[in-house]
Amino acid sequence: MAAIDTADARWAQITACLLIAVGALAFFLVYWLRRNRKSGDMLTGGVVVLVAIATCVVLIAGKTPSSGSPESTPNTKPSASGPSTDDYQGPWGAAGYQGGWGPERDTFTMNMPAPYPAFNSITDNPRHGDERNFVQIKRATAGNKTYGEDVAFEAGKQYEVYALFSNDAMETKDPSLIARDVRLKLLLGKPATEVGVGAMVTSANAEDVWDGSHVAGDSKFSITYVKGSARIYTLSLNGAPLPDKDLLTSGAMLGCKRLDGVIPPAGCSGYVTLRVVARSAE
């Protein structure tokens, strides 16, 4: 069945409301005439008609989205991360992760954080910038200033991946703003001449977010995770190892003071580093 056009739905609502108002008015006239036109009955009927009309107005106005709603306000995309991956529905398909960030989501600022648990959605982080661009890559032996979006393939070389995580909810004692069962999953593309390397942050009560970088070369190659290389950094977990078991499947559990999946909205942002290795596939 075809969807109903918005304008058609609006006219249907107006017509229905007019019918309600006319029906209420007709009922009042019949009732008033039968009651010998008493002033009290006239007042009661008038109130009924006014209530019916007011109800119609509220119904129509309540269906009209405001101009400042999230649906009508476009997001500013983090240009360094490439196009978003809006068609994500679970598995990345036969080619594996191909790069890109997602999903399109509401964004916030340091002065106006989220009213609910939301990961990596602040656009003016003073240390990081736009948090939607939260994955970077570099040669493992290079300095931290060389982190970027892309790196050249070199057979047998290791690369270090950086992934930020931050619950951007407003600071409050409300327990519903604490993100729970927070995990990080490593995303890797299949062998190709350009392979995506990314990370996804998931939570039981926050939207999944992902971002990534690329390794690019002239010949076909593969990227694999270097076991035992994943480390987490927070104020309390300074380089604690992340277990390899779930990193490529359901995701490795994150945390602030311990790896318990609990990330409150303030004072607990952190990051994960891990290594991958590139090998020629031909």
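Helices here are DSSP runs of H or I with at least four residues and strands are runs of E with at least two, both numbered from the N terminus. All views show a predicted model.

**Figure 1. Overall fold of the predicted model, with 2 helices and 10 strands.** The order of elements from the N terminus is α-α-β-β-β-β-β-β-β-β-β-β. The protein has 282 residues, of which 39% count as buried. Of the contacts between residues at least 6 apart in sequence, 62% link residues that are at least 24 apart.

**Figure 2. The cis peptide bond at Pro103.** Pro103 belongs to the loop between α2 and β1. The peptide bond that leads from Gly102 to Pro103 is cis, and its omega is near -10°. Most peptide bonds are trans.

**Figure 3. The largest pocket, with a volume of about 840 Å³.** The lining of this pocket comprises 31 residues, and those closest to the pocket centre are Asn125, Leu164, Ser166, Ser269 and Gly270. Strands β3 (158-165) and β10 (270-280) each contribute at least two lining residues. Sorted by class, the lining contains 16 nonpolar, 10 polar and 5 charged residues.

**Figure 4. Asn125 and its side-chain partner Glu131.** Asn125 sits in the loop between α2 (39-62) and β1 (135-139). Asn125 is one of the residues closest to the centre of the largest pocket. Its relative accessibility is 17%, so Asn125 counts as buried, the limit being under 20%. The side chains of Asn125 and Glu131 are joined by a polar contact of 2.8 Å. When neighbours within four places in sequence are left aside, Asn125 is in contact with Met110 and Glu131.

**Figure 5. Asn133 and its polar contact with Glu149.** Asn133 is located in the loop between α2 and β1. With a relative accessibility of 11%, Asn133 counts as buried. A polar contact of 3.3 Å connects the side chain of Asn133 to the side chain of Glu149.

**Figure 6. The disulfide between Cys256 and Cys268.** The structure contains 1 disulfide. The sulfur atoms of Cys256 and Cys268 lie 1.3 Å apart in the model. The link between these two cysteines is left-handed, with -110° about the S-S bond. Both Cys256 and Cys268 lie in the loop between β9 (252-253) and β10, so the disulfide ties together parts that are 12 residues apart in sequence. Cys256 is buried at 13% relative accessibility, and Cys268 is buried at 5%.

**Figure 7. Lys257 in the loop between β9 and β10.** Lys257 has a relative accessible area of 64% and is therefore exposed, the limit for that class being over 50%. Apart from residues up to four places away in sequence, Lys257 touches Ser236 and Leu237. The C-alpha atom of Lys257 is separated by 9.8 Å from that of Asn238, and the two residues are 19 apart along the chain.

**Figure 8. Surroundings of Phe165 in strand β3.** Phe165 is buried, with a relative accessibility of 0%. Residues up to four places away in sequence are not counted among its contacts here. Phe165 touches Asn120, Val201, Ile232, Thr234, Leu254, Gly255 and Ile263, as well as Cys268, Ser269, Gly270, Tyr271 and Val272. Among these partners, Cys268 takes part in the disulfide with Cys256, while Ser269 and Gly270 are among the residues closest to the centre of the largest pocket. Val209 is 44 residues from Phe165 in sequence, and their C-alpha atoms are 9.8 Å apart.

**Figure 9. Asn120 and Asp181, two residues with positive phi.** Most residues other than glycine have a negative phi. Asn120 has a positive phi near 50°, and its place is in the loop between α2 and β1. Asn120 is buried, with a relative accessible area of 0%, and Asn120 is one of the residues that Phe165 touches. Asp181 has a positive phi of about 55°. This residue lies in the loop between β3 and β4 (183-188). With a relative accessibility of 35%, Asp181 counts as partly exposed.

Definitions and conventions. Residues numbered from 1 in each chain as written. Predicted model: local features only at pLDDT ≥ 70, side-chain atom pairs only at ≥ 80, totals over all residues. Heavy atoms only, no water. 1 Å grid on protein atoms, 1.4 Å probe; cavity = no way out; pocket = protein on both sides within 12 Å on 5 of 7 lines; lining within 4 Å. Points joined across faces, edges and corners; volume = space filled by probe spheres on them. Nonpolar A, V, L, I, M, F, W, Y, C, P; charged D, E, K, R; others polar. Disulfide = S-S within 2.5 Å. Buried < 20%, exposed > 50% of the residue type's maximum accessible area, 1.4 Å probe, protein only. Polar contact = N/O pair within 3.5 Å; in protein donor to acceptor, adjacent residues only side chain to side chain. Contact = heavy atoms within 4.5 Å.
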